[in-house]
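Trainee: I would like to learn how to read a structure such as this one. Could we begin with what it takes for two residues to touch, and then work outwards?

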Amino acid sequence: MKRTLIREIAELYPFDQADSHLQDGYIFIEDGLITALGCGEPPPALRMAADQVITARDRLVLPGFVNTHHHFYQTLTRNVRAVQNSKLEDWILHLYQLWQGLDEEMVYRSSLVALLEMLKSGVTTTADHHYVFPQGCPKMIDAEIEAARAVGVRFHPTRGSMSLSVEEGGLPPRSLVQSEEQILDDCLRLVRRYHDRGPRSMVRIGLAPCSLYEVTPSLMRETLRLAEEEDLLLHTHLCETRDEVLFCRERFGRNPVDLMDDLGWLTPRTWFAHFIHLTEDELTKAGRAGVGMSYCSSSNMRLASGIAPIGPLQAAGVRTSIGIDGSASNDMNNMVLEMRTGLLLQRLRDGAGSMTPLQILSMATREGAAVLGRGQEIGSLEIGKAADLVGFRLDTLELAGGLDDPLGALLFCDVKGADLCLVNGEVLIRNGELQRWDAEELEAIIRCQNRNSRKLIRGE
Ligand SMILES: [Zn+2]
C-alpha cells in the first residue's frame, strides 16, 4: 500500500458541505484514498507511515476538476480557418466533411492531447462525447479509453450516435450515420467490456445520441431503454442554439425540453450540454425532473450560441456543472480559463453578484461529480473520498498583490497551470511537470497530432 503525506498546504479548500477553508493544512492518502486531513503539524504516526512526503508551501490545494462535456477528437480541427467565424450549424456542416477521415489512431492521439492539456489545468475526471464513427472504425471509444488510461485520469466516455443523415432531414452526411442496431449493439459491447461499477472506478460508460439534428426519436427511446436496463447515465446536446429550437418546433411541433419529456429523457440520469434556450415552462420541468447540465461558456461565445441561464437553472433545481467542450469550438482545454470565462459571462447576463468564485468552482468540483453520479467518491477532499486533487502556486509574479482571497485569485488572476495534481493518489503533476511523460514523448505526440490534423484538413 502506498502512503502519501501532503503537508504545509498554505491554503486548502476541500469543497465540503461546510465550505471549509484550512490554512497550513495536511492530507494523508493511503492506497488512493484520503484517510486523514487537518491543520498544522501532521500527527507523528502519519509522518512515520508516509512513503512519500510532498510539501505544498505557498500552494492553493483543492479537489481536482470535473469536466462534463467534451469531444477529444476535435483537437485535430481546432481553429479551422474556414469556420473560424461561423455559427454552430455552418461550423458543423463543414467539419463533418473533415471528420469523415477520422480513424482510431487519430482518436487515440488527439485524446492524449486533450487529456494532457486538461490535466495541466487541473482536470482529474472528464467525460467525453464521441459520435463520429466512419465506416471501418468501430473502436473509437476503445481508443479514447486507452488514452485516458495512459494519461491516468478518471474517465466517463459517452457513446455518441448519429442515425439521421442529411437526406433524411438531419445534418450529418450519410457516411457518418449508423443503423440503430449497430449503435445499440456497440453501446452494449462497450458496457460489457469497460463499464466499471465499483467504487473509485476509473471508467464508466454513458450513452449519448448526438443531438436532435442527428438522431431519430426512436433511437432516443431505445437508448433510454438500454440506459435503464444497464443503469447508465444519458447525455446529449440540447437547447444549444435558437436554430435548434426552431428545427425542433418545425420537425416535431414541440420545444426541445417538452420533446425530451415525451421521450422519457427528463430523469436524474440525464445531463444536457449547453441548455441555453429554454422557456420558463421548460426550465421548471427540467428542474423538477432533476436533470443535470454542462455550462460551456467559451464554445457558446465562440459560436455565438447564447448564454446559459445558470442562476435560473439552479433556482429551478437543475444540477449544473462545467463543460470545457470543443475542442473545435473552444479551442483550448483549460478548465481554469473556462471557469473564469463562465463566471464573467454570468455577470454580464445577471449582474456582478450573480456568480462568485466559490459558486463556479463548486460547479467544477462537487457539483460536476454529482452530475456524473460520482458525488460520494470525488468532487471534494474529505476522509473516505478519492485522492483526486490539484495544487496551484500562489508565489508567482502574476498573483503578487492578489492574495486577499486566494480562491478568487485562481480565477481573477493568471495562475498559468497546475503545480501539483493527483488522481486516485497517483502524482501525475509535480512541480508543474507531468510525471508520466518526458519531453521527447510529448514532442512525439504533438508532431503526430499536427500530421494527422493536416491530413484531415488539407488531405496532405
Ligand atoms: Zn458538444
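Mentor: Two residues are taken to be in contact if their C-beta atoms, placed from the backbone, lie within 7 Å. Please keep in mind that this is a predicted model. As a case, Leu278 touches Cys239, Val257, Leu283 and Ala286, when residues up to four places away in sequence are not counted.

Trainee: Where does Leu278 lie, and is Leu278 buried or exposed?

Mentor: Leu278 lies in the loop between β11, residues 270-274, and α9, residues 280-289. A residue is called buried if 20 or more other C-beta atoms lie within 10 Å of its own, and Leu278 has 25 of them, so Leu278 is buried. Its C-alpha atom is separated by 9.7 Å from that of Arg242, although the two residues are 36 apart along the chain.

Trainee: Which residues of the helix after this loop, α9, are buried, and how do they sit around its axis?

Mentor: The general idea is that an α-helix has 3.6 residues a turn, so residues three or four places apart point the same way. In α9 the buried residues are Glu282, Leu283 and Ala286. Seen down the axis of α9, these buried residues fall within an arc of 100°, so they line one face of the helix. The face turned away from that buried side carries the exposed residues Glu280, Asp281 and Arg288, while the cover over the buried residues includes α8 (256-262) and α11 (310-316). Just after α9, Gly290 takes a positive phi of about 75°.

Trainee: How should I read the strands, and which ones form the open sheet?

Mentor: Strands of a sheet pair through backbone hydrogen bonds, either parallel or antiparallel. Here an open sheet of 8 strands follows the order β6-β7-β8-β9-β10-β11-β12-β13, with parallel pairing. Its edge strands are β6 (65-67) and β13 (319-322), each of which pairs on one side only. From one strand to the next, the twist averages 20°. Helix α13, residues 357-364, packs on the sheet and touches β6, β12 (292-295) and β13, and its direction makes about 90° with that of β13.

Trainee: Let us take one strand, β10: how many of its residues are buried, and which way do they point?

Mentor: Strand β10, residues 233-238, is mostly covered, with 6 of its 6 residues buried. Leu233, His235 and His237 point one way, whereas Leu234, Thr236 and Leu238 point the other way.

Trainee: What joins β10 to β9 and to β11?

Mentor: Strand β9, residues 206-209, runs parallel to β10 and is joined to it by 2 bridges, with Gly206 standing opposite Leu233. Together with helix α6, residues 217-230, these two strands make a right-handed β-α-β unit. With β11, strand β10 pairs in the parallel sense over 5 bridges, and there Leu238 stands opposite His274.

Trainee: And how would I describe the whole chain?

Mentor: One can compare its radius of gyration with a simple expectation: with 460 residues, a compact globule would have a value near 23 Å, and the protein chain has 21 Å, which agrees. The chain has 16 helices and 17 strands, and 53% of its 460 residues count as buried. Along the principal axes, the C-alpha trace spans about 70 × 50 × 45 Å.

Note on methods: Residues are numbered from 1 along each chain as its sequence is written. This is a predicted model: local features need pLDDT of at least 70, side-chain atom pairs count only at pLDDT 80 or more; totals for chains, interfaces and linings use all residues. Helices (H or I, at least four residues) and strands (E, at least two) are DSSP runs, numbered from the N terminus. The radius of gyration is taken over C-alpha atoms; the globule rule is 2.2 Å times the number of residues to the power 0.38. A residue is buried if 20 or more other C-beta atoms lie within 10 Å of its own, exposed if 12 or fewer, and partly exposed in between; C-beta atoms are placed from the backbone. Two strands pair if DSSP finds at least two bridges between them. A crossover is right-handed if, with the strands pointing away from the viewer, the path from the first strand over the helix to the second runs clockwise. Axes are lines fitted to C-alpha atoms, for helices over the stretch in contact, and angles run from 0 to 180 degrees between N-to-C directions. The arc is that of the directions from the helix axis to the C-beta atoms.
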